Amino acid sequence: MFGRERKVRVNTISQSPTVTTAGSGVKGFDGLVDFADRMSPLGNADAQDCANFCALMFSDYARKVTMQNLYHDGGFASMGMSMRAMKQYNKSFDSGELSDMY
């Protein structure tokens with residue numbers, strides 16, 4: 001009702017793992033960014049890509065998009081766990097990379 005009366009659109013954006021000042025302090029975050037980049041069909045979306053997408057969402061080009069969670073992640077959310085992803089994931093356990101995190 002609020003949206004219809006006041007022409008307000010509400011959307012959320014599910015962004016790829018993105019390098020930020022705060023994220024750089026998280027141990028293993030670089031590995032997550034690399035993993036998402038390798039597994040996403042279009043590659044990981046960086047901060048500039050996200051800013052461009054946000055600008056699009058505020059433009060008239062998206063004026064009829066509302067009440068959506070929009071994935072801006074290069075297709076990562078749609079991949080599931082492919083055999084390629086599973087092999088890469090298992091390699092991280094074999095090398096001890098993930099065990100250092102816990």
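A salt bridge is a side-chain nitrogen of Lys or Arg within 4 Å of a carboxyl oxygen of Asp or Glu. This is a predicted model: local features need pLDDT of at least 70, side-chain atom pairs count only at pLDDT 80 or more, and totals for chains, interfaces and linings use all residues. Residues are numbered from 1 along each chain as its sequence is written, and side-chain values use heavy atoms, with hydrogens and water left out.

**Exercise 1.** Find which side chains meet in a salt bridge, and place them.

*Solution.*
- Step 1. Search the whole structure: one salt bridge turns up.
- Step 2. Identify the partners. Arg38 and Asp34 meet through their side chains, at 2.8 Å from N to O.
- Step 3. Place them. Both residues belong to helix H2 (residues 29-39). Helices (H or I, at least four residues) and strands (E, at least two) are DSSP runs, numbered from the N terminus. Arg38 and Asp34 are four residues apart, about one turn of the helix.
- Step 4. Check accessibility. Buried means under 20% relative accessible area, exposed over 50%, and partly exposed in between (1.4 Å probe, protein chains only). Arg38 has 42%, so Arg38 is partly exposed. Asp34 has 33%, so Asp34 is partly exposed too.

**Exercise 2.** Decide how many disulfides the structure holds, and explain the result for Cys50 and Cys54.

*Solution.*
- Step 1. Set the criterion: a disulfide is a pair of cysteine sulfur atoms within 2.5 Å.
- Step 2. Take Cys50. The closest cysteine sulfur is in Cys54, 4.2 Å away, and therefore too far for a bond.
- Step 3. Take Cys54. The closest cysteine sulfur is that of Cys50, again at 4.2 Å and too far for a bond.
- Step 4. Conclude: the structure holds zero disulfides.
- Step 5. Add the environment. Cys50 is buried because its relative accessible area is 16%. Cys54 is partly exposed because its value is 29%.

**Exercise 3.** Characterise Phe29: where does Phe29 lie, is it buried or exposed, and which residues does it touch?

*Solution.*
- Step 1. Locate Phe29: it lies in helix H2.
- Step 2. Classify Phe29. Its relative accessibility is 16%, so it counts as buried.
- Step 3. List the contacts (heavy atoms within 4.5 Å). Leaving out residues up to four places away in sequence, Phe29 touches Pro17, Thr18, Val19 and Gly23.
- Step 4. Consider the pair Phe29 and Val19. These residues are ten apart along the chain, and their C-alpha atoms are separated by 8.3 Å.
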